[in-house]
Amino acid sequence: MALRVALLCSLLGLLLGQGEKHTAVDDCCKNGQKHANDNNDCASLRLISSSVTCRIAQEQCCVSVLEDNMCSTGINAAKEHGNCDSLLASTCETKTAKMCCDCCLLGKEAQDLNIPCDHNLSVGYQCSLVSRACCVDGASDNQTAALGQSELPNQDGRAGVAVGVDPCKGKCDHVCVGNDSCACMKGYKLKPDGRSCEDINECLLGSSNCRGGERCINTEGSFRCMREVSCGTGYELTENNDCKDIDECETGIHNCGEQFTCQNTQGSFRCAPKNTCGSGFIQDALGSCIDINECVSQSNPCHRGQICVNTVGSYACQRNSVNCGRGYHLNEEGTRCVDIDECKGAEQVCSGHSCINLLGSYRCECETGYNFNSINRLCEDINECRHYPGRLCGHKCDNTPGSYECSCTTGFQLARDGRNCDDVNECESNPCSQECANVYGSYQCYCRRGYQLNDIDAMTCEDIDECALPTGGHICSYRCHNTPGSFHCSCPANGYTLAVNGRSCQDVDECVTGRHTCAENESCFNILGGYRCLSFDCPKNYRRVGQTTPTLERSDTVRCIKSCLPNDIACVLDPTLSMAHTFFSLPTLREFTRSEEIVFLRTTVPAYGSYHLGTYDVKFEILEGNIENAFDIIKRVENGVYVGVVRLVKPLIGPRETVLKLSMRNLTTQGESGQSIINVHVFVSEFWF
């Protein structure tokens with residue numbers, strides 16, 4: 001909005017200077033302002049002239065009024081409500097009202113926080129003006145100024161009615177001019193209510209008299225101009241906003257030395273020397289007089305045949321004497337030039353090489369490995385390694401004064417010809433702790449079986465601890481013992497022996513080898529890792545079937561069947577028809593993934609038999625000895641008959657012993673016809689093998 005007003009004012013100023021067109025353009029602007037006030041819209045503006053200038057003035061004056069009204073709406077909303085929530089920013093016009101409302105709130109907040117109203121915030125030029133105006137307006141509302149009995153000038157510069165005699169009865173903000181009319185002081189304008197006064201924003205209306213390069217800052221009832229660009233070095237800003245030269249000589253801020261006087265210039269100063277130098281001298285920056293070398297600064301100051309000799313403050317011309325060239329000098333008479341024999345001089349010009357004198361010069365006969373440099377006339381070493389790369393030495397070439405030397409890389413030694421390199425057999429010095437293999441230029445250490453090469457020195461062989469390897473737990477059945485370069489396995493001290501493969505442990509059958517201590521009336525039963533001496537006697541009214549062997553196998557069964565005496569009714573009524581003992585040895589299972597079937601109880605009862613056949617079913621049950629409920633018994637059909645299967649369903653950690661007392665009852669149409677008791681002696685070893 002401020003940019004449009006500034007452009008409008010510039011255009012009006014240009015048009016006003018044309019004389020006869022002043023009234024026409026002014027009428028165009030008034031028409032645009034009237035249309036904006038009447039219709040609150042510029043889109044339907046009817047042009048009153050075909051002139052482009054009149055159209056621009058008409059449109060811009062209309063838009064300026066609308067934007068001023070919207071900005072006033074925003075400022076009033078900020079002052080009355082203290083927020084801008086009621087303003088929407090959906091259109092260009094409402095955005096102006098919202099911006100002015102927000103910026104006014106900034107000014108009111110600055111006044112509440114006692115921040116100076118001219119505090120510069122980077123919120124834009126127009127927003128700064130609105131913020132400053134609201135800040136100053138708030139400050140004036142909070143102050144009560146005693147106006148006294150004086151007259152105040154109104155906006156037209158005329159004297160108003162004395163404050164002490166107020167015919168308007170106090171309804172005017174500033175002054176009463178009579179006839180119940182109010183007026184405002186200079187820098188203010190009357191609001192539409194005819195009583196209140198509001199500040200005129202001269203900067204926003206473009207009515208300030210700020211010059212180019214100055215920025216207008218609105219103040220309450222007035223404005224001030226601030227220079228936008230500094231005056232620069234050597235100038236200072238005056239109260240009239242002008243740039244004035246600083247006299248460094250008068251203020252004493254120059255840096256001229258004691259030998260100089262200060263002379264002021266526009267924007268700077270210069271130092272002039274106090275003393276002047278005479279002829280033949282020039283003054284330096286420090287004021288000192290320095291001799292001028294006329295022989296250098298002037299062209300041919302002396303006549304032909306003469307030479308120039310500089311003196312202090314002047315020069316002199318002398319007759320030119322005989323000048324011998326390089327390699328010659330005057331004879332004793334000073335009449336002619338004779339050759340200088342450089343080879344016979346005190347200085348050794350060839351530095352150890354042969355010297356040959358020449359007229360006016362000399363030449364050096366250089367030794368082998370050197371070249372004569374005709375420019376500096378010295379013998380310089382020849383770098384054979386650079387001149388003949390790769391052709392002199394087998395590996396490395398090192399230049400030496402007048403010659404060169406060959407050397408070899410690591411792992412090689414210089415051959416007898418002094419140029420080539422032969423491989424060094426490092427294995428002859430036994431660098432490896434075990435095996436060594438020579439390779440070209442180096443060597444490689446190897447280890448025997450059961451050892452590995454050290455990762456750090458790559459020469460020492462270290463024993464491999466096979467027992468500590470990730471698979472060490474499976475190398476031996478029981479225990480692994482590491483040895484230098486190998487290992488060996490061992491088994492428990494009793495009951496086991498090492499197998500032929502040297503790793504597995506085999507159970508020793510003490511019953512077969514005769515290592516048991518069982519009595520004659522006991523039977524030896526081998527278990528994993530040991531044996532048991534077992535003795536079985538049939539209870540009363542039972543007799544043993546078969547003979548008892550000194551050694552019991554896993555498949556052996558000791559049976560006792562019922563044998564009642566005559567007239568022993570209790571014996572006859574006892575449902576237990578037979579008793580049996582069987583034996584089973586188990587290891588401690590390391591991995592238990594599924595149930596293990598250990599005992600099979602076979603019957604002669606046909607499966608799914610008819611009732612008229614008598615016995616038609618069998619019932620199996622564990623009566624005693626099921627420790628930790630590790631066993632169960634199931635019934636299934638094999639080959640057409642019922643079979644009871646005892647299973648290990650949970651792992652048992654040995655050593656453990658238990659006697660499973662099993663019941664096998666036959667079922668008939670009349671009920672239970674009898675049962676058999678089977679005692680399964682289970683021995684769980686301490687080990688898994």
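How many helices and strands does the secondary structure of the protein come to? The count is 11 helices and 44 strands, taken as DSSP runs numbered from the N terminus (H or I with at least four residues for a helix, E with at least two for a strand). This is a predicted model, so local features need pLDDT of at least 70 and side-chain atom pairs count only at pLDDT 80 or more, while totals for chains, interfaces and linings use all residues. Residues are numbered from 1 along each chain as its sequence is written, and side-chain values use heavy atoms, with hydrogens and water left out.

Next comes burial. Of the 689 residues in the protein, 31% are buried; buried means under 20% relative accessible area, exposed means over 50%, and partly exposed lies in between (1.4 Å probe, protein chains only). Leucine 121 counts as partly exposed because its relative accessibility is 39%. Its place is in the loop between helix H4 (92-112) and helix H5 (125-141).

Then there is a little sheet story. One open sheet has 3 strands in the order S34-S33-S36, with mixed pairing, where strands pair if DSSP finds at least two bridges between them. Strand S34 (530-534) and strand S36 (551-552) stand at the edges with a single partner strand each, so one side of each has no neighbour in the sheet. Strand S33 (residues 523-527) runs antiparallel to S34, and 5 bridges join the two. Across from phenylalanine 525 stands arginine 532 in S34.
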